[in-house]
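Biologist: I should be grateful for a close look at one part of this structure. Please take a single loop as the starting point and then describe the elements around it.

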Amino acid sequence: MSRFLSHRFDGLEAYVPGEQPRDRTYIKLNTNESPYPPSPEVSERLCSGEIGNLNLYPDPTGRALKEKLAALYEVGPENVFLANGSDEILNFAFMAFCDAEHGVAFPDISYGFYPVFADLYAIPASVIPLKEDFSVDYRDYLNIGKMVVIANPNAPTGMKIPLSEIEEILKSNPGQVVLIDEAYVDFGGESCIPLIKKYDNLLVSHTYSKSRSMAGARLGYAIADRELIADLEKIKYSTNPYNINRLTLAAGEAAADSDAYYKENARKIISTREKTAETLREAGFTVLPSSANFIFVKHERLNGETMYRKLRDRGILVRYFGTGRIRDFVRISIGTPEQMEILARNLKEILAEQKDGGYEYEKK
Ligand SMILES: *Cc1c(COP(=O)(O)O)cnc(C)c1O
């Protein structure tokens, strides 16, 4: 840290993304990317001359992409906000809709970026424990009088909450924004986008990073009442009007035109997920019920860190969090069927070694 950094960031703990090591080739099951490439239309569009236009700024309104997304979700273009990844939507929402006086509430086990944004903007956060079974108790959020942020399906558990419960939260907090982060909704969740017509406090955020195979392009979008969208636009035009580059806008349009391709990929990933979960359960693993493109697993004879390290030694990356109630778990992204067979085989071998070896890495 230099002596120039403002003291207001002294205590800030930055978000730590999943590792992207370069020392060897890994089967990468640690950051919930799609194992499938973007649609052929995306590659075609990027090769069709957009590169030659990079001397020109992108359309700051993103009109063409907004119209395509609006058509897909049966809303108006004025209900769509475009962002440089959905992390930017979270950033803008924390900046716009809460402050030191009006705090924010989110679950204790959820996306690790929420507490970072709360910290960054010095927003008091109510961190609400999930229930014993790792589900969200919606009653904890009724009449809470703070911005509410819930990932549905949640990460890293993969568990979803029903729309009827989200509706109760919306109804009881008419003076607060309720942000539903639907990064994983295409893998078996139920989107609350239709509720934006009824609730002007609902902000739904989606990403191209998971089901649309474009994590490297950085594109996210929010859907909400037009007034909320206008607020986000105000923040965007006050920070980075050209937040989405030309190549990403073009790729995003082509991807919106290939919705069937991505739906088919999501279907494949769901089927691979169910098969993997079944195989691991048969081997004695606990697998939380997932509606996302990852599973959250533990085994009573293997601690989370051992599982993570031994898999890493074998060339397979998974995500290990190592804190509190989720210390024994690892989060495994769903790859191709072949990758998941390799994963399952390796986990079984690691288990077999454990039988006589005991705990290699001490339980903390
Ligand atoms: C991956 C993820 C995001 C971030 O997505 P980007 O669009 O890549 O910034 C947001 N929320 C949750 C819950 C995620 O898992």
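Modeller: In this predicted model, Asn 245 lies in the loop that connects H6 with H7. Asn 245 is partly exposed, its relative accessible area being 37%; that value falls between the 20% under which a residue is buried and the 50% over which one is exposed. The side chain of Asn 245 reaches the backbone nitrogen of Leu 247 at 2.9 Å. Arg 218 is 27 residues from Asn 245 along the chain, and the C-alpha atoms of the two are separated by 9.3 Å.

The two helices joined by this loop, H6 (226-239) and H7 (246-257), are among the elements against which the buried residues of H2 pack; the others are strand S2 (80-83), S7 and S8. In helix H2 (residues 63-73), the buried residues are Leu 65, Lys 66, Leu 69, Ala 70 and Tyr 73. Viewed down the axis of H2, these buried residues fall within an arc of 135°, and they therefore line one face of the helix. After H2 comes Glu 74, which has a positive phi, near 55°.

Strand S7 (residues 202-207), one of the partners of H2, is mostly covered, with six of its six residues buried. Leu 202, Val 204 and His 206 point one way from S7, while Leu 203, Ser 205 and Thr 207 point the other way. S7 has pairings with S6 and with S8. With strand S6 (residues 178-181), S7 runs parallel, and four bridges join the two; here Val 178 stands opposite Leu 202. With strand S8 (residues 220-224), S7 runs antiparallel, joined by five bridges; in this pairing Ser 205 stands opposite Ala 222.

A further sheet should be described as well. It is open and has four strands in the order S9-S10-S13-S12, with antiparallel pairing. Strands S9 (286-287) and S12 (319-320) stand at its edges, and because each has a single partner strand, one side of each is left without a neighbour in the sheet. Within this sheet, strand S10 (residues 294-298) and strand S13 (residues 330-333) pair in the antiparallel sense over four bridges, and Phe 296 stands opposite Arg 331 in S13. Helix H8 (residues 259-282) packs on this sheet, where it touches S9 and S10, and the direction of H8 makes about 5° with that of S10.

How values were computed. Residues numbered from 1 in each chain as written. Predicted model: local features only at pLDDT ≥ 70, side-chain atom pairs only at ≥ 80, totals over all residues. Heavy atoms only, no water. Buried < 20%, exposed > 50% of the residue type's maximum accessible area, 1.4 Å probe, protein only. Pairing = 2+ DSSP bridges. Contact = heavy atoms within 4.5 Å. Axes fitted to C-alpha atoms, helices over the stretch in contact; angles between N-to-C directions. Arc of directions from axis to C-beta. Polar contact = N/O pair within 3.5 Å; in protein donor to acceptor, adjacent residues only side chain to side chain.
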